[in-house]
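Biologist: I am new to this structure and would like to learn how to read it. Could we go through it feature by feature?

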Amino acid sequence: MTTPSERLIEVQGLRHEIAGRCVMDVPAFSAGRGEHTLLIGPSGSGKTTLINVITGLITPTSGEVRIDDQPMSSLPPARRDELRRRTIGVVFQTLRLISALTVRQNLSLAQTLALGHAEPAVIDDLIGRVGLAHRADAMPRELSHGEGQRAAIARALCARPAIVVADEPTSALDDANAFAMADLLLSTAEATGATLLIATHDNRLRDRFPRTLALSAPQVTA
Amino acid sequence: MTLAGLSLAYLKDRALNTALNILLLTLSVATLVILVLFSSQLSDRFARDAQGIDLVVGAKGSPLQLILSSIYQVDVPTGNIPLETVDMLRADPTVAQVIPLALGDSFRSYRIIGTEAAYVDHYAGRLAEGRMFNAPYEAVIGAQVARGTGAGLGQRFEGSHGLSGDGHVHEATPFEVVGILAPTGTVLDRLIVTPVSSVWAAHGFGTRPHEDHEAHDAAPGDPEHEAAHAAEPDLEVTALLVKYRSPLAAVRLPSFINRQTQLQAAAPAVEMTRLLSLLGVGTDAVRAFAVLLMITSGLSIFVALYSALRQREGDMAMLRVMGARPPAIFGHIVLEGVLLAAAGALLGVIVAHGVVAFAAATFPQLQDMGLSALRFEPAETVIVAAAIAMGGLAALVPALKVFRVDIAQTLADTR
């Protein structure tokens with residue numbers, strides 16, 4: 001078990017309803033520093049909703065989420081944005097790279113927004129680490145899907161967030177690419193000291209992540 | 001990479017759209033600036049040429065024509081008036097100065113104007129070379145005449161009848177350049193100034209030297225001149241420029257002169273106001289068109305940003321996920337509109353000055369009017385500021401959406 005001070009993510013009695021219908025129910029979950037967790041469950045089980053609550057993009061109907069010991073859900077909007085900015089990087093299935101910027105500029109913008117300045121050395125190191133050194137000045141539309149995913153991972157990690165949340169990062173990939181993606185996420189997270197929380201309905205990833213939170217039965221199994 | 005840098009990157013990313021919007025704004029700003037440059041510089045020039053002249057006295061006819069011909073030297077005179085009018089007005093205690101003008105000849109389309117040294121003094125003319133005329137057929141030429149004809153001191157030339165330069169040449173009545181004036185920025189620059197007696201002599205009256213008489217008489221076959229010779233009417237001048245000594249003159253003198261059968265008096269201020277208000281109808285129409293064009297380009301920027309931002313809703317949600325605050329994103333979008341507008345406005349000013357430079361180089365008349373591409377008017381700043389404000393305003397509505405956006409919903413909708 002992790003001690004409270006080491007708990008990066010802590011969820012208590014979390015429940016979210018839309019138009020009176022429960023779309024997410026997570027009685028309890030926590031993850032400490034370095035405890036990469038797979039958030040698994042079928043479509044509609046509330047994975048994306050949980051990620052939105054953890055990142056502070058939506059306020060749950062009831063319950064509490066603490067991020068790095070701060071009550072994300074009950075903070076005012078500006079403080080929520082601030083907490084997300086400082087502690088969380090996000091990787092979406094649809095990448096969401098800024099189309100008008102090169103790979104390097106995408107990372108630079110993410111760093112500037114999170115840290116207030118860009119660190120070119122860190123950016124170059126990360127771009128090299130994800131194998132995009134030769135594509136650093138390419139526009140997103142010039143990248144293959146695999147290259148885009150690697151760029152998106154690098155962007156999520158470039159401001160050295162404590163938590164990296166990934167929403168269905170492998171669902172569109174074949175086995176080999178799905179494992180490569182998971183390995184890349186794990187290795188870059190280890191390198192930057194980030195803790196991963198990966199939402200997926202992809203059971204292939206279970207082998208890589210010993211900790212899972214199954215949303216149909218929301219309990220942490222070790 | 002900052003959000004300001006991102007604004008620029010988005011503009012570059014849709015280069016064609018950006019270029020078209022800039023072009024549209026450039027056209028409207030250029031039109032407005034050209035109007036400003038033309039109207040302010042020309043009215044300045046009008047004012048400068050007419051400064052200090054309270055009244056013009058000439059033959060009956062159109063008062064505007066009288067002003068244009070005798071002050072601005074652009075129209076044909078209304079006719080001639082008796083020389084005695086000069087003495088009559090000089091005797092009037094409310095009149096400070098009377099400068100006689102005798103027009104009718106030209107040299108290479110530069111007007112030869114018979115007058116007194118006081119005319120040169122009136123426009124603060126300063127001799128760059130040579131001396132002032134003091135005998136018939138001696139001429140002092142304006143700076144532009146010297147440049148245009150290449151004439152230097154001692155150069156002899158023959159005036160031709162008429163003001164257009166294609167009339168009958170007064171052969172054997174050569175003028176001599178005795179002085180060249182420094183530029184004054186007034187009508188004086190494009191005139192050839194000579195004593196009134198030269199003009200009389202050239203037309204066969206009065207003080208022409210005897211040998212010229214013989215030479216002229218020896219050349220037969222000029223019925224116009226011979227007829228004029230036969231009649232030998234009293235000496236005449238074309239117009240008088242009058243300066244008042246007291247404001248009382250303005251009340252009494254014009255009506256007194258206009259009662260004389262042969263004379264008319266016209267006030268430059270009144271006639272130029274009338275002319276400018278007539279021209280004003282035209283410039284108002286062009287100005288309205290340019291303003292319309294500017295509103296159109298404002299709308300175009302609005303449409304461009306609105307549709308671009310619809311496509312970028314996912315990007316905006318991502319910016320929020322990455323921690324950008326709504327006011328910062330709002331500023332980034334407004335900046336995009338402002339950058340577009342600023343580029344269009346500045347290009348518009350450059351194009352306008354380029355067009356004026358081109359026009360002045362192509363049409364010497366405009367240069368004569370004192371049109372300069374290098375002069376900047378305060379109104380240009382107002383136009384540029386208005387264009388930039390409009391760009392910001394056009395971006396406002398799309399930008400305000402950032403405060404209402406539901407990030408989670410947008411992320412779900414724009415997968």
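Modeller: Start with the secondary structure of one chain: chain A has 6 helices and 10 strands. Keep in mind that this is a predicted model.

Biologist: What radius of gyration does chain A have, and what would a compact globule have?

Modeller: A compact globule of 222 residues would have a radius of gyration near 17 Å, and chain A agrees because its own value is 17 Å. Along the principal axes, the C-alpha trace of chain A spans about 50 × 40 × 35 Å. Of the 222 residues in chain A, 50% are buried. Contacts tell about the fold too: among those in chain A between residues at least 6 apart in sequence, 69% join residues at least 24 apart.

Biologist: Let us take a single helix. How many residues of α3(A) are buried?

Modeller: Burial is a matter of counting neighbours: a residue is buried if 20 or more other C-beta atoms lie within 10 Å of its own. In α3(A), 12 of the 13 residues are buried, so by this definition the helix is mostly covered. Among the buried ones are Val103(A), Arg104(A), Leu109(A) and Ala114(A). The helix runs over residues 103–115 and reaches 18 Å from its first C-alpha to its last, close to the 18 Å expected.

Biologist: What covers the buried residues of α3(A)?

Modeller: The cover includes α2, α4 and α5 of chain A, together with α1 of chain B. Just after α3(A) comes Gly116(A), with a positive phi of about 90°.

Biologist: Which residues of α4(A) are buried?

Modeller: The buried residues of α4(A) are Ile123(A), Leu126(A) and Ile127(A). They lie on the same side of α4(A), because they cover an arc of only 100° around the axis. The general idea is that an α-helix has 3.6 residues a turn, so residues three or four places apart point the same way. The cover over the buried residues of α4(A) includes α3 and α5 of chain A. After α4(A) comes Gly131(A), whose phi is positive, near 75°.

Biologist: How should I read the sign of phi in residues other than glycine?

Modeller: Most residues other than glycine have a negative phi. Glu168(A) is not a glycine, yet its phi is positive, about 50°. This residue lies in the loop between β7 and α6 of chain A. In chain B, Ser109(B) also has a positive phi, near 65°, and its place is in the loop between β3 and β4 of that chain.

Biologist: Are these two residues buried or partly exposed?

Modeller: Glu168(A) is buried, because it has 20 other C-beta atoms within 10 Å. Ser109(B) has 15 other C-beta atoms within 10 Å and is therefore partly exposed.

Biologist: Which residues have the most contacts inside the largest nonpolar core?

Modeller: They are Ala154(A), Val164(A), Val33(B) and Ala387(B), in a core of 118 residues. Helix α13 of chain B, residues 326–362, gives the most to this core, with 13 residues. Apart from this core lies another, of 58 residues, among them Leu68(B), Ile71(B), Val95(B) and Ala202(B).

Biologist: What does Val164(A) touch, leaving out residues up to four places away in sequence?

Modeller: Val164(A) touches Gly89(A), Val91(A), Ala156(A), Leu157(A), Ala189(A), Ala194(A) and Leu196(A).

How values were computed
Residues numbered from 1 in each chain as written. Chains lettered and ligands numbered in written order. Predicted model: local features only at pLDDT ≥ 70, side-chain atom pairs only at ≥ 80, totals over all residues. Helix = DSSP H or I, 4+ residues; strand = E, 2+ residues; numbered from the N terminus. Expected span 1.5 Å × (residues − 1). Contact = placed C-beta atoms within 7 Å. Rg over C-alpha atoms; globule rule 2.2 N^0.38 Å. Arc of directions from axis to C-beta. Core = buried A, V, L, I, M, F, W, Y, C linked by C-beta atoms within 7 Å.
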